[in-house]
Structures are given as structure tokens and as C-alpha cells.
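Visitor: Please take a close look at a single part of this model, the sheet around the third strand, and describe what packs against it.

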Amino acid sequence: MAKSTALPTKETAPRFLRASTAPSYLGMCREEFNKTVRPNVREFPIGKQGVGFDRLELDQWADSWAESMAIEKQANEDSLRYAAIKNGSDNTFAVDHQRAGGEVAEAFEMGMLQAADGAKKVAKRQHVDKPQQVADQR
């Protein structure tokens, strides 16, 4: 049995989509498509009873809709990392939940608190105090 050396074929989306497939192409139900999209794009007959939409026009509508509905986010370095702030010398942390983003920020803060508690417990178990640490470093 010979091995096939043919490259896999790349399927392309059809240029025209029937009314039954256009909503799923945009990831929405037919009711939402009819209410939101259909009034804003051209449709044309396919055969005797079919209705079609131009896929490229649907793509343009989707791009325009996404642009108009997008939530603007601050594009600075602070928005790319968590705002963890060390408070004083007691190794506690605060997270800015507005910039860091809700549940993720809370989980991060909990992890930081657990790590700080764990470090305190280890230091307690080892009975290491400040003078001892300094002496050990010399």
C-alpha cells in the first residue's frame, strides 16, 4: 500500500450563505440574526425559494458591529499585569480589582495572602528571628 504524498486540501467557505446557515456562521441564533443583522445586509434569491447572503458582507457587518460594541481597555503596562502592591514590612498585599479584573484579581490576592501566611508559618516553625537571620548571613 503506497503512502499518499498529496497535500491536504484546504476547504474554503462558500461566498454565498443560505439564510439557514448565515446565523450560525456569525455565531448567533436565527432570531437574533433576523433582528440584528438581516436589516443591515443585502439578501438575494437562491433558486425558487432560497435566500442568500454574501459572506464578505456578513464579515464586514461583523467587523463593524464588533468595533461599535467593543469595550475600550486601557493599553498601558498597568493593564497588562496585576497591580500587586506590597504594604509596608508585614508582607501583606493589596490588589487593585478595578484594573486587574474581578475574579482573577481576587484569586491572585488569595494566592498572595496564602503565600505570605505560609512563609510566616515556616519562619515560626524554624524559630528564626531577625538577629539569627543576620548572624547566619555573616
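Guide: What follows starts with the chain as a whole and then turns to strand 3 and its surroundings.

The model is predicted. Its chain has 7 helices and 5 strands, and from the N terminus on these elements run β-α-α-β-β-α-α-β-β-α-α-α. Of the 138 residues in the chain, 15% are buried. The accessible surface comes to about 11500 Å², and carbon and sulfur atoms hold 53% of that area. Among contacts with a separation of 6 or more, 39% are between residues 24 or more positions apart.

Strand 3 covers residues 50-54, and 4 of its 5 residues are buried, so the strand is mostly covered when buried is taken as under 20% relative accessible area. Strand 3 pairs with strand 1 in the antiparallel sense through 3 bridges. It also pairs with strand 2, again antiparallel, over 4 bridges. Strands 2 and 3 form a hairpin with 3 residues between them. In the turn of that hairpin, G47 has a positive phi of about 70 degrees.

Residue F53 has a partner on each of these strands. L17 stands opposite F53 in strand 3, and E43 has F53 as its bridge partner there. Beyond its neighbours within four places in sequence, L17 is in contact with A22, Y25, V51, G52, F53, R55 and L58. Both L17 and F53 belong to the largest nonpolar core, a set of 9 residues that also takes in A22, L26, F33, V37, V41, L58 and W61. The elements giving two or more residues to this core are helix 2 (30-37) and helix 3 (55-69).

The next residue in the strand is D54. In a regular strand the side chains alternate between the two faces of the sheet. D54 is buried, because its relative accessible area is 11%. Leaving out residues up to four places away in sequence, D54 touches R15, F16 and F44. A polar atom of the D54 side chain lies 2.9 Å from the backbone nitrogen of L56.

Two of the residues that D54 touches, F16 and F44, also meet each other. The count of aromatic pairs is 3. In one of them, the ring centres of F16 and F44 are 5.0 Å apart with the planes at 80 degrees, and since an angle over 60 degrees is required, the pair is edge-to-face. This pair links distant parts of the chain: F16 is in strand 1 (residues 16-18) and F44 is in strand 2 (residues 43-46), 28 residues apart. F16 counts as partly exposed because its relative accessibility is 45%. F44 is partly exposed as well, with a relative accessible area of 26%.

Another aromatic pair, W61 with W65, is stacked, with 5.8 Å centre to centre and 15 degrees between the planes. Because W61 and W65 are 4 residues apart in helix 3, about one helical turn separates them. W61, one of the core residues, is buried at a relative accessible area of 12%. W65 counts as partly exposed because its relative accessibility is 41%.

In short, strand 3 pairs with strand 1 and with strand 2. F53 is part of the largest nonpolar core, while D54 touches R15 and the two phenylalanines F16 and F44.

Definitions and conventions
Residues numbered from 1 in each chain as written. Heavy atoms only, no water. Core = buried A, V, L, I, M, F, W, Y, C linked by side-chain atoms within 4.5 Å. Buried < 20%, exposed > 50% of the residue type's maximum accessible area, 1.4 Å probe, protein only. Contact = heavy atoms within 4.5 Å. Areas by Shrake-Rupley, 256 points an atom, 1.4 Å probe, with all protein chains shown as cover. Phe/Tyr/Trp six-rings, centres within 6.5 Å; stacked < 30°, edge-to-face > 60°. Pairing = 2+ DSSP bridges. Polar contact = N/O pair within 3.5 Å; in protein donor to acceptor, adjacent residues only side chain to side chain.
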